Amino acid sequence: MEEGTSKEPSHLCCTEDAFQWDTREDCDVRQILDRIADKWSLLVIALLDTESMRFTELKKTIDGISQRMLTVTLRQLERDGLVSRTVHPVVPPRVDYALTPLGVTLHTTIQSLVTWTETHQSEIAAARARYDALTSSS
């Protein structure tokens with residue numbers, strides 16, 4: 001067995017037959033999930049679903065994101081093959097960002113997560129209120 005691995009259920013790894021959770025920091029699957037589950041990445045992917053957008057449009061639309069964080073997020077999504085960057089030869093330079101075909105498939109999965117969240121948001125709000133009431137009285 002490779003050093004740092006465990007057969008315990010909390011530390012499963014990918015096999016040829018099935019994908020399972022791997023909690024090692026250097027696991028490729030975990031690194032990809034860290035990227036695509038990041039709040040800024042989710043918002044960028046959601047916004048690029050229907051149309052390409054310029055950097056400034058994305059910046060104006062995503063409340064709270066800094067210019068640097070948007071730059072880093074777009075570069076990482078481009079590196080992962082989820083977003084394409086097109087530079088138009090005009091003055092001033094114009095750069096458009098769009099989802100790649102791979103990014104479009106991810107958007108479908110993200111939309112399922114958003115739908116689940118919308119369906120269950122009142123249940124989650126009620127659970128939070130119960131929890132907060134119990135912990136504030138302790």
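Helices (H or I, at least four residues) and strands (E, at least two) are taken here as DSSP runs, numbered from the N terminus. The model is a predicted one, where local features need pLDDT of at least 70, side-chain atom pairs count only at pLDDT 80 or more, and totals for chains, interfaces and linings use all residues. Residues are numbered from 1 along each chain as its sequence is written, and side-chain values use heavy atoms, with hydrogens and water left out.

Let's start with the largest pocket (on a 1 Å grid over the protein atoms alone, an open set of points where a 1.4 Å probe fits, with protein on both sides within 12 Å along at least five of seven lines; lining residues have an atom within 4 Å of a point). Its space comes to about 220 Å³, a volume filled by probe spheres set on the points. α5 gives the largest share of the lining, seven residues, and α2 also supplies at least two. Among the lining residues are Lys39, Leu42, His107 and Glu118.

Now for the largest nonpolar core, a set of buried (under 20% relative accessible area, 1.4 Å probe, protein chains only) Ala, Val, Leu, Ile, Met, Phe, Trp, Tyr and Cys residues joined through side-chain atoms within 4.5 Å. Tyr97 is one of those touching the most other members of this 20-residue core. Two or more residues come from each of α2, α3, α4, β3 and α5. Beyond four places in sequence, Tyr97 is in contact (heavy atoms within 4.5 Å) with residues including Leu48, Leu58, Leu74 and Val83.

Last stop: Thr100, in the loop between β3 and α5. Thr100 counts as buried because its relative accessibility is 14%. Its side chain reaches the backbone oxygen of Gly81 at 2.5 Å.

Key
Buried means under 20% relative accessible area, exposed over 50%, partly exposed in between (1.4 Å probe, protein chains only). A polar contact is a pair of N or O atoms within 3.5 Å; within protein, one must be able to donate a hydrogen and the other to accept it, and residues adjacent in sequence count only if both atoms are side-chain atoms.
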